[in-house]
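Notebook open, coffee poured. I want to look at one helix first, then the ligand site, then whatever the record has to say.

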Amino acid sequence: MKIMIELEEALELVLTRIRRVETERVSIRNAYKRVLAMDVTSQIAMPPFERSPLDGYAYLATAGDPLPLQLNVVSEIPAGTFPERVISPGEAAKIFTGAPIPTGANCVVRMEDTKQVGDDVTILQPVLPGSNIIPRGEEIKEGDLLLKQGFFLTPPAIGLLAAVGLDQVTVYRRPRVGLLSTGAELMEVGQSLRPAKIYNSNSYTLRGMLQEAGCEVSVIPIVSDEIDETIKVLQMLADTDMVIATGGASVGDYDIMRHALAQFGCEMLFWKLNLKPGTPVSVGQKEKQLFFSLSGNPAAAMVTFELLVRPAIRKLAGRTTAEEGRFLVKMASDFGKTGKQRRFLRAQAVFKNGEIWADLAPAQGSGILRSMIGSHLLVDVPENHGSVEPGELLMASWIADWEA
Ligand SMILES: Nc1nc2c(c(=O)[nH]1)N[C@H]1C(S)=C(S)[C@@H](COP(=O)(O)OP(=O)(O)OC[C@H]3O[C@@H](n4cnc5c(N)ncnc54)[C@H](O)[C@@H]3O)O[C@H]1N2
Ligand code: MOO
């Protein structure tokens, strides 16, 4: 097992082990935030017919039309009505927005530039041939590739599926993730706090992050620091794709997680990342299941979730669209960095003069959950960097899917 590796190496080790989940058919009504498992091509053109973008009159325009132009209104075409009547020279059809252009007409003049009296209309502002006609297939042609496999279905994407008449799509099933918190000091909410105990918060934080990432989550209430009990719990999670445990990850006598994983039959990929917070991460694999043992420290667990677990879930879920990129931010605060290790700092994004400034959360301790409230960014301070100065440029990434 490798010990103390770089994040990038850890990501590669983990991502090569991940096979995306199987597929299922769902109604587009239930497809929001699901991942497409098929390429979607359109069977129809959109719009399926030439149509009018405005309310007015359709007629056959020529370059030398007199001004004003007198026409005989021979039909009316509301949206949704097929125009049977062919329009001959000297005739016009009263037409409404979204209605098909009648045969024989080659333009639409807007209502405001006309005057109708009885069956006669005067065109006060004649238009050129071709004016105000939306061509068939303006947006989509038959056979167009609309969305690729791996696309994360957003509201406009689902609207697009509806626009071309698809009522069902093949998507990847939701990843199933098991979550457990270890620690003899932990208590569940709803009980009064006993001496030397704290409430379990990690299960709640991570459950939300997993649900937001589109996972089905099985939460196991608190597990003690016993290897045997931990193995029993891991057995209970046999039908999950991934298990995330917090606590018991470090070097103490009660830090049993990686030993439990190994005894359970996992191949251990690595232990410890060369970064802070969250150094003592380990990852194991048993058959198709991946196991992440994260630090019990609440902020450290969230940061390593962002850095390592989230990309793994994206791949498991079948997503292929680009991850949120990294970008330069200007530091709005200083940070007296003591250790040599690479450090990820939590910061609020502040927009000033068209630039993104990173205003650091006041407390950066691994256990300080409040530092994640209102933090939008993880700022990457390289190894051996020394203290961070205000105005300095550093790389950062968005902490996905959160709002302040
Ligand atoms: N001698 C050493 N000690 C420690 C080292 C080290 O290298 N040598 N590493 C430190 C670092 S860095 C970290 S990070 C922590 C990681 O500890 P564990 O992953 O083993 O986590 P625990 O000890 O179980 O818990 C740490 C901290 O977080 C609290 N906690 C745990 N679970 C929860 C939960 N579900 N909800 C809320 N809070 C939780 C726990 O009570 C501890 O206070 O190890 C250092 N030690
Ligand atoms: O790696 Mo730990 O989270 O720094 O304290």
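Started with helix 4, residues 227–236, and listed its buried residues: Ile227, Thr230, Ile231, Val233 and Leu234. Worth keeping in mind that this is a predicted model.

Next I asked why these residues end up on the same side of helix 4. They span an arc of only 160 degrees around the axis, so they share one side. That fits the usual α-helix geometry: at 3.6 residues a turn, residues three or four places apart point the same way.

Then I checked the other face. Turned away from the buried side of helix 4, I found the exposed residues Asp228, Lys232 and Met236.

Moved on to ligand 1. I get 20 residues surrounding ligand 1, with Glu185, Asn200, Ala249, Asp255 and Gly296 as the closest. Sorted by class, that shell comes out as 7 nonpolar, 10 polar and 3 charged residues.

Which atoms of asparagine 200 and serine 201 lie by a nitrogen atom of ligand 1? For asparagine 200 it's a polar side-chain atom, 2.9 Å away. For serine 201 it's a backbone N or O atom, at 3.0 Å. Glycine 296 also uses a backbone N or O atom, 3.0 Å from an oxygen atom of ligand 1. As for cover, the protein takes up 68% of the 860 Å² of accessible area that ligand 1 has on its own.

Last lookup was the record. UniProt, in an unreviewed entry, puts "domain: MoaB/Mog" at residues 178–315. I computed that span as 34% helix and 29% strand, with its end C-alpha atoms 17 Å apart.

Terms used: Residues numbered from 1 in each chain as written. Chains lettered and ligands numbered in written order. Predicted model: local features only at pLDDT ≥ 70, side-chain atom pairs only at ≥ 80, totals over all residues. Heavy atoms only, no water. Near = heavy atom within 4 Å. Polar contact = N/O pair within 3.5 Å; in protein donor to acceptor, adjacent residues only side chain to side chain. Areas by Shrake-Rupley, 256 points an atom, 1.4 Å probe, with all protein chains shown as cover. Nonpolar A, V, L, I, M, F, W, Y, C, P; charged D, E, K, R; others polar. UniProt positions renumbered as here; feature names shortened; annotations may be inferred. Helix = DSSP H or I, 4+ residues; strand = E, 2+ residues; numbered from the N terminus. Buried < 20%, exposed > 50% of the residue type's maximum accessible area, 1.4 Å probe, protein only. Arc of directions from axis to C-beta.
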